[in-house]
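Visitor: I would like a close look at one part of this protein. Could you pick a single residue and walk me through its surroundings?

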Amino acid sequence: MSGAQRHTEPLDVHLIALRDGAAGPEAMEHHVCDAMGWFALDALPEPMVAYCRAGLDAYRAGARMAVHLQEPGDPITYDPSVDRLRLVPEPAEQVEPGLRAPARQRTVQRPPTTAPPTTRSSTVTYTPRDRWDQHYRDGKGWQPLGPRERQLFAEHAPVPDGGGRALDVGCGTGQLAAHLAEFGYTVDAVDFSDSAIARAREEHADIDGARWLRLDVERDDPAALHEEGYDLIVMRLVYPFMRDRGRVVRGLGERLRGGGALVVITPTAEHTPADRRGIALDEDEITLLGAGWEAMERLDADGLAFLVLRGPGHADGRAVR
């Protein structure tokens, strides 16, 4: 057998095949699979059977259900060029007759296109911490915060009266966190890269109202985060790199104060070269991201999708307690 269980804590997912009385993993379909073994989710073997990889990609994307399509002539081995995994958004909440359904209004605007919808909605790009550390030590960073993004924050995430608190997840060298602090928020800026946090502290030493924390929101103890929650949580150019997207977003949603917003800023597959597809989201992934929230507004920030999510409806699976 092969598969993965859903858990609410970080885990490694394994592919296993066992015969009665077998001492360990053993391949059961020798015509398609020549070996089985234990592998960490962030260190999957290559080559790999396509449908096995599809199940793990769906899990890492946070989907509860997915369909893997295999057409005649497709290779048995996973090939990104013919990846036909479709993530299935969760169904709308069922309501008993005579009861009013809760508000689930969503204002997602899909850009017009004449091309058929993509079926590749399973890409998860994971980069180990040491590579990010080297990235920042080499003086590299991210796409600078643009004037359109600044305008959208002012219009759609203004500081509450009396001051507000913000959480910047995957802050990198801290440009966005510094902007939010200057804007009036008290900011917790977190990143799992030591060199990123070191540069943020150095480059924004004159910024009051920002606290720089080395923290992996997927795996580390979140005790350092503000226990009373946040008015604004931001994930800028980081969501596609999350290994367990659904669990992370549910946990962050539970840290939002009433009336607060989660803002996800991301490249889209439509405007991203094929060889960099892993840094972007397609339409199915964006729809899945908004599942369970009362509203998701989609705006354009010079080619980036600026997604504003409000009213988290998740009641299970805390990623960040």
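Guide: Here is a walk around D168, followed by a brief look at the wider protein. Please keep in mind that this is a predicted model, in which local features need pLDDT of at least 70, side-chain atom pairs count only at pLDDT 80 or more, and totals for chains, interfaces and linings use all residues. Residues are numbered from 1 along each chain as its sequence is written, and side-chain values use heavy atoms, with hydrogens and water left out.

D168 belongs to strand 3, which covers residues 164-169 (strands are DSSP runs of E, at least two residues, numbered from the N terminus). D168 is buried but has no salt bridge; buried means under 20% relative accessible area with a 1.4 Å probe, protein chains only, and a salt bridge is a side-chain nitrogen of Lys or Arg within 4 Å of a carboxyl oxygen of Asp or Glu. R236 is the nearest side chain of opposite charge, at 8.1 Å (Lys and Arg count as positive, Asp and Glu as negative; His and the chain ends are not counted).

What the side chain of D168 does reach is the backbone nitrogen of A177, at 3.5 Å. A177 is also among the contacts of D168, which, leaving aside neighbours within four places in sequence, are L176, A177, V187, D188, A189, V190 and V234; contact means heavy atoms within 4.5 Å.

Stepping back, buried residues make up 47% of the 321 residues in the protein. Of the contacts with a separation of 6 or more, 66% join residues 24 or more positions apart.

Note on methods: Helices (H or I, at least four residues) and strands (E, at least two) are DSSP runs, numbered from the N terminus. Buried means under 20% relative accessible area, exposed over 50%, partly exposed in between (1.4 Å probe, protein chains only). A polar contact is a pair of N or O atoms within 3.5 Å; within protein, one must be able to donate a hydrogen and the other to accept it, and residues adjacent in sequence count only if both atoms are side-chain atoms.
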